[in-house]
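Thanks for sharing this one. Here are my notes, point by point, to read with the structure open beside you.

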Amino acid sequence: MELLISLTLLSSFLFLVYYLVIRDPRPKGLPPGPYPWPILGNLLQLGDMPHAKLATLARTYGDLFTLKLGAQTVVVASSPAAAAEVLKTHDRLFSGRYVFQTFRIKNHVEYSMVWSECNDYWKMLRRVCRTQIFSPKMIEAQAHLREAKVMNMVRFLGRKEFEGGGAVKIAEVIFGTLFNIFGNLILSKDVFDLEDPGSGKEEMKGLIWRLMELGNTTNPADYFPVLGDTDFLGQRKAVADVLKQIHDIWTVILRERRERRTKLMQGSDDDEDFVSVLLDADLDDHQINALLMEMFGAGTETSASTIEWALAELIKNPEITSRLRAELDDVVGPDPIKEDHIPRLPFLNACVRETLRLHPPTPLLLPHRALDTCQLMGYTIPKDCQIMVNAWAIGRDPATWRDPLSFSPERFLNSDVDYKGSHFELIPFGAGRRICPGLPLANQFIHLIVASLVHHFDWGLQGGAHPSSLVMEEKFGLTLQKDPPLFLVPKTRHQQTCK
Ligand code: HEM
């Protein structure tokens, strides 16, 4: 009897060793990749900068490789050719989304453009964005709103200097400015007070910020789906609470707008903002809420990070800043910059392209998902496999870019390579059907803010430190969590304009 028990225990132990340690848990036919540990897979290999670690792994395993993140199988594309296969050749098949567990909230995914599948509802939202909200006509019509908010920022910074206010926390100024740009584009009002960040106006900003923080926090259930429904760390509930608070604020605003329209008796108002367009498009409150909230969420953090990186690179490279200023002085003179100057500022555009090449704010884009089992570059990708495209690695690939780590905007001066989705060596906004819909808008205000910050101010580091000592920390591709934050000292160049 004892022998039988011992034999049973031994064979169970050997089976477990085989199952957890020896057996290769990856489905057959997938691209190669590092060997996964039992249970955790390759999770411990990723660290704080997964895109950088994945770039290193691509050097060993190639343009297309497989990882096991807990129970998740993930395929990573790391070259322009592999990205084109995923986002162009097989665009439809890889257009599914892997929805992070934290966001699997009832009535959220269904209304979300970011998280829903490319279904009829998603197509309708994309059409509204393309033909109305981000149409060339709307972008042009709202230019004066963006210019006015950027001038508020310039004057605020000018006053800081005249008042001897010293260093400013630049991320906060940029973020607040973007928030007010969005507030005015969306609902014709400021939602942040640069002079007084503690005033009541910052409620929406605080909620969106909190939402982004929660979204950037790892949820173990993404790797171990068995934990999925338990929400044992309360992350899903925390997001649901914030979403509800945002929803309540919008609901009041929308009710007021509908009432005003009824009073005007013409079913419309004369506002030129997104709310007006969406009410005209007959979207209901829930749909409008979800779309506006996603615009704030998807548009502010990404754009703020890009602007902050551009400024940091320019501070570190004074000769490039001088060249940019010469262009601005030549084309704009001492006046405020307008959006219609942008097409005449090729070096500014080269600086923006170079910033997005080195610092794409969503370095792995958003996670795609295979809708069906399919062939990709000779490998078999199983249905529901998660696909990541490493835009960060692609932007720094020495096979594509000469001296890839140096900030050299000149490389773009005689090049037609841009980030609009047809050059797969530069895809900070993605490409194909899920390309960022906000690109035309982001393009405008990123150019406008970077140009204004450089045109109107000389920047120094806090404590008079030498620019070469500036080290920007990066986490998940963003500067947002940077610690300590970047404090800069503005020095006005055109006194008249900054008053
Ligand atoms: C520097 C600025 C920005 C960058 C680099 C950026 C980048 C991206 C990327 C990489 C994606 C995912 C593409 C994919 O799934 O392959 C995305 C999606 C999205 N972005 Fe942006 N974005 C920026 C600004 C904006 C702005 C200003 C808005 C709106 C006002 C916006 C709204 C969205 C939305 C709604 C999606 C989801 C689209 C979908 O899944 O169909 N983004 N963005």
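1. Confidence first: this is a predicted model, and its chain averages a pLDDT of 87, with 86% of the residues scoring at least 70. For the model as a whole, the scores are ipTM 0.99 and pTM 0.90.

2. One stretch needs some care. Over residues 476-483 the pLDDT stays under 50, although the model gives this stretch 31 contacts beyond four places in sequence. Where pLDDT is low, the predicted coordinates should not be read in detail. I would therefore leave those contacts out of any detailed reading, given that residues 476-483 stay under 50.

3. Now to the metal. Which residue is the only protein donor of the iron atom of the ligand? That is Cys436, through its SG atom, at 2.3 Å. Cys436 sits in the loop that runs between helix H14 (391-395) and helix H15 (439-456).

4. Next, the surroundings of the ligand. A shell of 27 residues encloses the ligand, and the closest are Arg97, Trp122, Arg126, His368 and Cys436. Sorted by class, this shell has 16 nonpolar, 8 polar and 3 charged residues.

5. Which helices each supply at least two residues of that shell? They are helix H4 (120-133), helix H11 (285-316) and H15. H11 gives the most, with 6 residues.

6. Please also look at the oxygen atoms of the ligand. A polar side-chain atom of Trp122 is 2.8 Å from a ligand oxygen, and a polar side-chain atom of Arg434 is 3.0 Å from a ligand oxygen. With Met113 a polar backbone atom takes part, at 3.4 Å from an oxygen atom of the ligand.

7. Ser116 deserves a visit too. You will find Ser116 in the loop between strand S3 (96-97) and H4. Is Ser116 buried or exposed? Ser116 is buried, because its relative accessible area is 4%, and the cut-off for buried is under 20%.

8. Around Ser116, the picture links back to the ligand. Leaving aside residues up to four places away in sequence, Ser116 touches Arg97, Val109, Trp122 and Arg434. Among these, Arg97 and Trp122 are also listed with the closest residues to the ligand, while Arg434 has the side-chain approach to a ligand oxygen at 3.0 Å. The side chain of Ser116 itself reaches the backbone oxygen of Ser112 at 2.7 Å.

How values were computed. Residues are numbered from 1 along each chain as its sequence is written. This is a predicted model: local features need pLDDT of at least 70, side-chain atom pairs count only at pLDDT 80 or more; totals for chains, interfaces and linings use all residues. Side-chain values use heavy atoms; hydrogens and water are left out. Donors are N, O and S atoms within 2.8 Å of the metal (3.2 Å for Na, K and Ca); water is not among the atoms, so sites may look incomplete. Helices (H or I, at least four residues) and strands (E, at least two) are DSSP runs, numbered from the N terminus. A residue is near a molecule or strand if one of its heavy atoms lies within 4 Å of it. A polar contact is a pair of N or O atoms within 3.5 Å; within protein, one must be able to donate a hydrogen and the other to accept it, and residues adjacent in sequence count only if both atoms are side-chain atoms. Ala, Val, Leu, Ile, Met, Phe, Trp, Tyr, Cys and Pro count as nonpolar, Asp, Glu, Lys and Arg as charged, and the others, Gly among them, as polar. Buried means under 20% relative accessible area, exposed over 50%, partly exposed in between (1.4 Å probe, protein chains only). Contact means heavy atoms within 4.5 Å. pLDDT is the predictor's confidence in each residue, from 0 to 100.
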